[in-house]
Structure formats: structure tokens, C-alpha cells
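Biologist: I am new to this structure and would be grateful for a close look at a single part of it. Please take one helix, describe how it is placed, and then follow its surroundings outward.

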Amino acid sequence: MQTETLLYIILAGIIALLLSFFQYFNKKKSMSQLNMLFAFLRFITIFSVLLLIINPSFNKVTLSTEKPNLILAIDNSSSIKHLNQKDKALNFIESISKNEDLKNKFNLELYTFGESISASDSIDFSENQTNIYNAFTQLGKIYKQTTSPTLLLTDGNQTYGNDYQFVDNTYGQPIFPIIMGDTTKYTDLKIQQLNVNKYAYLKNKFPVEAILVYNGDESVNSNLVVTRGNSIVYSENLNFSKTNNSRILNFNLPANSVGVGQYKITLTPLGQEKNKINNEQNFAVEVINQKTKIAIVSDFLHPDLGVLKKSIESNEQRTISFIGLNDVIDKINDFQLIILYQPNNKFKLLVEKLNVQKKNQFIIIGPKTDLDFLNEAYPFLNQQITNQTEDYQAELNRNYAPFLIQDLDFESFPPLLSNYGTVQFSVPFETILNKTFKGVSVGEPLLATFEINSWRQAVLFGENIWQWRAQSFINEKSFKPFDDFIGKLIQYLATNQQKSRLNIEYESFYKGNNNVIVKAEFFDKNYVFDARESLEITVVDNNSNETKTFPLVLKNNYYQVDLSGLPPETYNFVVRAKNDNLSKSGSFQILEYNVEQQFLNADVTKLQKLATNSQGKSYFIDDWQNLIKNLLDDKRFVPIQKSVKKTIPLVDWKYLLAIIALSLGLEWLIRKYNGLI
């Protein structure tokens, strides 16, 4: 309390004392006991009121003890079960959870992880993927400001994600790997990796790359066989030794029939091999009859051109050609789509021929576009000419009807440099992306499509789309989402199919370790997205003819169903709208493959490096008692006493109001009782 406040309180006491004596003793020659009582009550009242006016503050210090956290991150993948470590893992978890000494020293937190991490004690070792790096990334966000040593119960075999042995750079907590799995090195021959394209073209050959690895000391012979159904399409004899312990085979297979072809590659196992599951893999290739050819025409070089080529050709069904203005006119019929990048008056003959032939086009307009020529060449499009430019960001139109679009967080993308001015269409058009300026929609399209009697065109009003692909990689750690977005736009422009109220999106085949996701989009008769419809999918197993029906769940601006529970087989399916007489059908194949069963040993080396890098220590699961002892003895993990200082003003002390009311009430009652009122 400050000295000034203390002086005010003393002064308030003197004033309250003088006023109370003045009221009861100034006209009295003697002090009766009753008047002394009245004076005391009046003093209490006046002094309390003055204290409220002064409103002094008092400091309140609260002490609390905060225990460190002990995080138990449990690998819930099926490789734990495959390595026969399930019972040991469950016993270890129970021992840690019930240890009273650990409970007294730590706050125990349990997490399970596979493809993702969750705060759960439901452990069944059934996850088909393992991403240890992602688990630590998520835990780092939760326990950033705390002391939280982490027990990692795992075999160390990660199926995808960044290398986790250097995660200490971002995690910042000591990590204690609990290693599960056999460390004995067995003789093993396996298919380490198989690389093959998803698509091939009829009457061509498609490449296959197989990386084979041998672990052993003796020289051995084996045979690599590739079969399709009951037919052998490729075979090769192989020799391995301790020094010659890996082979990279490259060979070509014929694509003789349209459709999805399923293949099986087998590396003949050795007699003494313990794990024979990793000696074979299934793969599938979709053979198509035609490759979409697309031409890009530009009068100057720009990074956007390279990005368009990379994004479009990420789908092997499409090929991009850069054609000069003088050459493309005679080759128009060789392409299904022409992309015109910032056209000017030099494009006049080309545009006239494209418009006469009703050739589908993708027009990209930017600061270097000749707007006078553009407005004259395309009478259905009018861009106001202001000779000014502006940076506009994108906002997704969730009611876009022609095809299914996934939100890539377009609002986080860098702005595109666009011409300032209004845009008018004289034909019906659909907006994919709207322009926004400083977060406010300006009511103008940034990317739009339109269709005139099956003649399709798209217009992008801005340059520097190359920055979008870079930002998409930053957001998603992959170019695939952005490339898929461009791919859907190109697929729409390169075909002349009528738009449908029910659109479905699915893969022709899925690997057994990946999620089997089917998406759908439904529009009303005005082609506005309808979130009220109930969609269901009926799946038929081609082998057993077993039929299953699943509902599709509404998710943002599309419907989705996860069919990951289906066994590997070929399926036909039909998606139906319950309230409308609309349906669409298709087929897909689930390939039999479990990446978690490809491992034979625990990855001890990597887990030990992880422990060393994070200032922790690795333990084998049978040594869990030493782990507990060392955790209890570790001086880094001690409770922290925290003090919280709060400043409380007197006005918040409710008892003072009660004292004022009590003193006034008593004074009134006593005066009333003695007939003084």
C-alpha cells in the first residue's frame, strides 16, 4: 500500500471520529453510555464510506505447485502387432499408468498416433500408416511452454512423413524412445520400393522400377516375376551377396487393353526368410486410349507458363506444347484445348480461327493484354479499359456448379496483378473465384467459365499464378492440391460433356493402406449447390456380389464417404440422390497392400539418434523398470512453485457493504427502541 493512501486512511479515520463526536456530544454536558454507542456506530459508518471513496488496494499472493507433464505417445500402427509386440506394449502402458510414484511427480498424458495423433487411451494397433514426425509436430504446439518429457512407444518404422530423428529442432522436449521389436538381424530379401506410373496409353509400353534389397551374409539366388492374372508378363533371375546386396531393375510392360490392369510383382523368397510378406507387392495401371494435347500460346516469356505446364502435366494423361503464333494456326486440330496467355493484336488470326471452329480456350488476361483487341475479338466479353492495375486476392465461390472444387484456402494466396475496371459478360457464366480487395469482395470474377452450345471457355483475370502454386506448397507441403485444381479446370475445358447436377470424384484404384474416399457434389435445377439433399452410395463386390450401402456426409461444399473398411477387391458403385431421380455410377479397385507389414525389425539406430539429439535416452521395452527409476531420479523434471499476485481493490470486498448496512441498521433500531425516533 502506498504512503499516500495510508495518509488518506488516517485522515478518513480522524474525520469520521470528529463527525461522530460532533453529532452526539456537542450539545451534551456528559457522555452517556447510549451516546457513546451511537457515536461508535456512526464512526463505523462514516469511516467505511470514506474507505470506499478512497478505495485502497491490497495485494494477494497465491502459491501453487505445477508438476511437469509426462507424455506417453503410443504407436497404434499394425506393425506393432505384426512384430508380436502387442502384449508387451499393453503391459508397459498399464505399468506406467498405474505407477503411483510417477503420478506423484508427473501429470501423465496419453496419446495414440498412426496417420494422425489423438488424445485417447483406445489402443488396438490397427492403423495402416505411421507418421512419427507429425505426432511430435502436434504435441509441440500443445506443450510448447511446459516441461514435458516424452515417452515414445514405437518400433521406429515410419511409413511416410519427414525424418523424425531431427524433430528435436522444433519439439524442444527430452524424448525417451521405448523400442519395440526384434533387433536380431535375419536373412531377408524384400522389395524395398516400387515405382510405376498411374496411367499408360494403349499400344504403348509403361516403365516399372523395382528397388530390391538383400540382408544377409551368404550369396543367394532368386527370381523376380511379374504376373497379370494367371499370365507371366515379365521375369528375371537375380543374384545377391553380402557386398552386392541391392538391385535397381527397370523394365517395360505392354499396355494392350483399355481399363485398369492389376499386376503382382513377386521376389521368390528364400527358404530361411522370416518375413515373406515384403517379397511381393500389387500395383495397378489404368490404360487409356487417348492423351489430351494442350497448346500454350504466348507472345513473351513468363513464370506462369512453366507453372501451367508443370501443373497440367502432373497428370500423365495430358501433355503441353508451347507453340508459336505462326505455327499454331495450322495445328489447331491437333489439340483439345488452346491456352492463350495475355493475347494482343498478334493473336487476331488465331482467335478468329478458334472462334470459327468453336475451339475450347483458356484465356489469361493481365497487364500486358491488349484490351482493345480482347473486347473486339470476344464480343461476349467486355473488360473496361482504365490503364490501371490492381492486386486482387481470390475468394472461392462455393456454388460453382460445373465440376467439384476443393477449397485450397484461396484467401491465403498472394494477390494476382489484374486490370482495374469492371468486367461484363453478354452470355451466362459461372464464377469459380471472385476478386477481393483487402478482404472485401468487389463483385467481379477473378476466374470464370462459360459455355455456349458445348463450346467451353475459361477466363483468368490476372497474372502471377506461379505464386499460387508456391503458396499451396507452403500450406499443404505438396504441389498436388493445386495441380489437382488446375487439372479439374483443364479436364472441364478439354471435353464437351454437358454439365450435370450430380458430379462424383473418385480414383480408379486405391492402395490398401490409403483412405478410400469418394466425393460428390449435388446442385438444384438452378445449378446452385444444394446442401439439403441426401446422397447414398451402393457398392457391389464384383467377386462375391455382396452389396453395401453407405450415406454420404456433407463436408463444406461437397459430400463425402470413406470406404476404407472395404477389403481389397474390384467394386462397382452407384451414387443416388434420394429426393431426386438422379444417379451416377462407376467402378474402382482396392489393391491389397499393407505397408506396415513390410518391416522385420525395429529401427533402433534412428530411435537412438532421436534420443541423443533431444537429450533423452532410449530403452528397450523389457528395460521399463530402469526407465521409471531414471525418470524419478532425473533432476530436470521437478515440480515448479508458481506465485500469482493479484491486486484487489477494497470496493470488491463485499463485507464492507455489509458492515455499513449493519452499523446503520443497529443505530436505527437502538434509537427506535429508546424512543429517540
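Modeller: In this predicted model, helix H8 spans residues 303-313, and its buried residues are Asp304, Leu305, Val307, Leu308, Ser311 and Ile312. Viewed down the axis of H8, these residues fall within an arc of 165°, so they line one face of the helix. Several elements pack against the buried residues of H8: the strands E15 (292-298), E16 (318-322), E17 (337-341) and E18 (361-365), together with helix H12 (466-476) and helix H13.

Helix H13 leads from this packing to the nonpolar interior. The largest nonpolar core has 36 residues, and those with the most contacts inside it are Ile339, Phe362, Ile432, Leu433, Trp468 and Phe485. Helix H13, residues 480-493, gives the largest share of this core, with seven residues. In soluble globular proteins, nonpolar side chains tend to be buried together.

Phe362 shows how such a residue is surrounded. Leaving out residues up to four places away in sequence, Phe362 touches Leu337, Ile338, Ile339, Leu340, Leu447, Ala458, Leu460, Leu489, Ile490 and Leu493. Apart from the largest core lies another, of 30 residues, which includes Ile323, Ala377, Val427 and Ala448.

Helix H13 also carries charged side chains. Side chains of opposite charge can pair when their charged atoms come close. Lys480 and Asp484 form a salt bridge, at 2.8 Å from N to O. Both residues lie in H13, four residues apart, which is about one turn of the helix. Lys480 is partly exposed, because its relative accessibility is 49%, and Asp484 is likewise classed as partly exposed, at 33%.

A second salt bridge reaches out of the helix: Lys488 pairs with Glu505, their closest N and O atoms being 2.7 Å apart. This pair links distant parts of the chain, since Lys488 is in H13 and Glu505 is in strand E26 (residues 502-505), 17 residues apart. Lys488 is buried, with a relative accessible area of 18%; the cut-off for buried is under 20%. Glu505 is partly exposed, at 27%.

Farther along the sequence, the side chains of Lys578 and Glu536 meet in a salt bridge of 3.8 Å, N to O. The two residues are 42 residues apart and link distant parts of the chain: Lys578 is in the loop between strand E33 (570-577) and strand E34 (582-591), while Glu536 is in strand E29 (residues 535-541). Lys578 counts as exposed, at 55% relative accessibility, whereas Glu536 is partly exposed, at 21%. The count of salt bridges comes to 21.

A further buried position is Tyr392, in strand E20 (residues 389-396). Tyr392 has a relative accessible area of 7% and is therefore buried. Apart from neighbours within four places in sequence, Tyr392 is in contact with Pro415, Leu416, Ser418, Asn419, Tyr420, Lys435, Thr436, Phe437 and Val442. Tyr392 and Pro414 are 22 residues apart in sequence, and their C-alpha atoms are 8.5 Å apart in space.

Lys438 offers a contrasting position, in the loop between strand E23 (429-437) and strand E24 (440-452). Lys438 has a positive phi of about 55° although it is not a glycine, and this residue is exposed, with a relative accessible area of 74%.

Definitions and conventions. Residues are numbered from 1 along each chain as its sequence is written. This is a predicted model: local features need pLDDT of at least 70, side-chain atom pairs count only at pLDDT 80 or more; totals for chains, interfaces and linings use all residues. Side-chain values use heavy atoms; hydrogens and water are left out. A nonpolar core is a set of buried Ala, Val, Leu, Ile, Met, Phe, Trp, Tyr and Cys residues joined through side-chain atoms within 4.5 Å. Buried means under 20% relative accessible area, exposed over 50%, partly exposed in between (1.4 Å probe, protein chains only). Contact means heavy atoms within 4.5 Å. The arc is that of the directions from the helix axis to the C-beta atoms. A salt bridge is a side-chain nitrogen of Lys or Arg within 4 Å of a carboxyl oxygen of Asp or Glu.
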